[in-house]
Amino acid sequence: MLFLALKFVHILCAILAVGFNSAYGLILGRARRGGLDGREMAFALKTVKLMDDRVANPCYVLLGVTGVSMVLLEGYSWSYKWIHASLALLVIVAVLGLAFYTPTLRRQIEILETRGVADPEFARLSTRGALLGSILGVIVIAIVALMVYKPS
Amino acid sequence: MYLALKFLHVFLAIVAVGFTSSFGLILARAAKGGADGRELKFALETIRVMGRIGHVCFLFLLITGIALVHIAGYPWYLWLKLSGALVVVALLVAQFLLLPTVPRRLAILETKGPTDPEFIALSKRSAALGAVLGLMALVVLWLMVSKPA
């Protein structure tokens, strides 16, 4: 029963974290077509930041915790490729997210509020954010594939 | 073939449930926006697009689920029947009750503004329906995980 409860939380966290992450590109992409005063963009960036800080990132932490707990509870060997590779990729996602993606988002909001949507640094940061988002997306898809295919 | 379909099934679940779960948060933030309702308009237009994507994903979730049962040769266990039925109900509720409120709310927002009583009533109805659909998604997920015979 404990294992099932952990698995339920694990999958729910994966759905929320990855599902929310997948929405960022769409929300920000639509905001780019907003008004020249940048109100839609400001709303979109702050909403994405809230989604990331309050839902996606805590879910990633819980994903790691429940994943490790399930391995220990079920007595799986750490030597399985799908277990250590997915854990390593999750650590990479956390590092990229916390050290690069979140600060980029924060800086974008600051620049938008002080210099506006047409500022060159804002455009540069937007490109960087989109690139980071794509890299994170590919890594996350690789983790999901490892969980499904379970290569030993 | 089975694993590829399972991967697709999981991916569709992530997009479908993940997208729709974010609507409450996006709209709640937008409701605190400017009095002219520009943030609300942007949020509603965005969730209209996300809702369509989510709806298609739910439909393919059902199709891939049925295909998985067929390929694996599972008998139609109670958890499979229940989860399938819940997804069909969720699809119908979304298609006929929830999604049509978005263009209606956008139309009211543009003509009468965010303080219009009908806009507020429709927003409350959508939030309640969204909560019910969220609960159904949790039940389906639990059925998928626990697989009660």
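A residue counts as buried if 20 or more other C-beta atoms lie within 10 Å of its own, as exposed if 12 or fewer do, and as partly exposed in between. Keep that in mind for two lysines later on.

Good morning, everyone. What you see above is a predicted model. The predictor gives the complex an ipTM of 0.89 and a pTM of 0.90. Chain B averages a pLDDT of 92. In chain B, 100% of the residues score at least 70.

Let's start with the interface. How many residues does each chain bring to the contact? Chain A brings 27 residues, and chain B brings 28. On the chain B side, four helices each supply at least two residues: H1, H2 (23-31), H3 (38-72) and H6. Which helix gives the most to that side? H1(B) does, with 12 residues. And the chemistry of the side of chain B that touches chain A? Count 18 nonpolar residues there, six polar and four charged.

Now zoom in on one helix pair. Two packed helices are described by the angle between their axes and the distance between the axes. Our pair is H4 of chain A, residues 120-149, and H1 of chain B, residues 2-21. Their axes come within 10 Å and cross at roughly 130°. So H4(A) is oblique to H1(B). Angles from 65 to 115 degrees would be roughly perpendicular, and angles over 145 roughly antiparallel. The crossing of H4(A) and H1(B) is right-handed.

Who meets whom? From H4(A) come Val144(A), Ala145(A), Val148(A) and Tyr149(A). Across from them, H1(B) offers Leu3(B), Lys6(B), Phe7(B), Val10(B) and Phe11(B). In this contact of H4(A) with H1(B), eight residues are nonpolar, none is polar and one is charged.

Next, the two lysines. First, some background. Most residues other than glycine have a negative phi. Now look at Lys150(A), in the segment after H4 of chain A. Phi of Lys150(A) is near 45°, a positive value. Is Lys150(A) buried, exposed or partly exposed? Lys150(A) has 13 C-beta neighbours inside 10 Å, so it counts as partly exposed.

Turn to chain B. Lys147(B) lies in the segment after helix H6, residues 117-146. Phi of Lys147(B) is near 45°, again a positive value in a residue other than glycine. Lys147(B) has 14 C-beta neighbours inside 10 Å, and therefore counts as partly exposed.

That's the tour. Thank you.

Methods:
Residues numbered from 1 in each chain as written. Chains lettered and ligands numbered in written order. Predicted model: local features only at pLDDT ≥ 70, side-chain atom pairs only at ≥ 80, totals over all residues. Axes fitted to C-alpha atoms, helices over the stretch in contact; angles between N-to-C directions. Parallel < 35°, antiparallel > 145°, perpendicular 65-115°, else oblique. Left-handed = near helix turned anticlockwise from the far one by under 90°. Contact = placed C-beta atoms within 7 Å. Nonpolar A, V, L, I, M, F, W, Y, C, P; charged D, E, K, R; others polar. pLDDT = per-residue confidence, 0-100.
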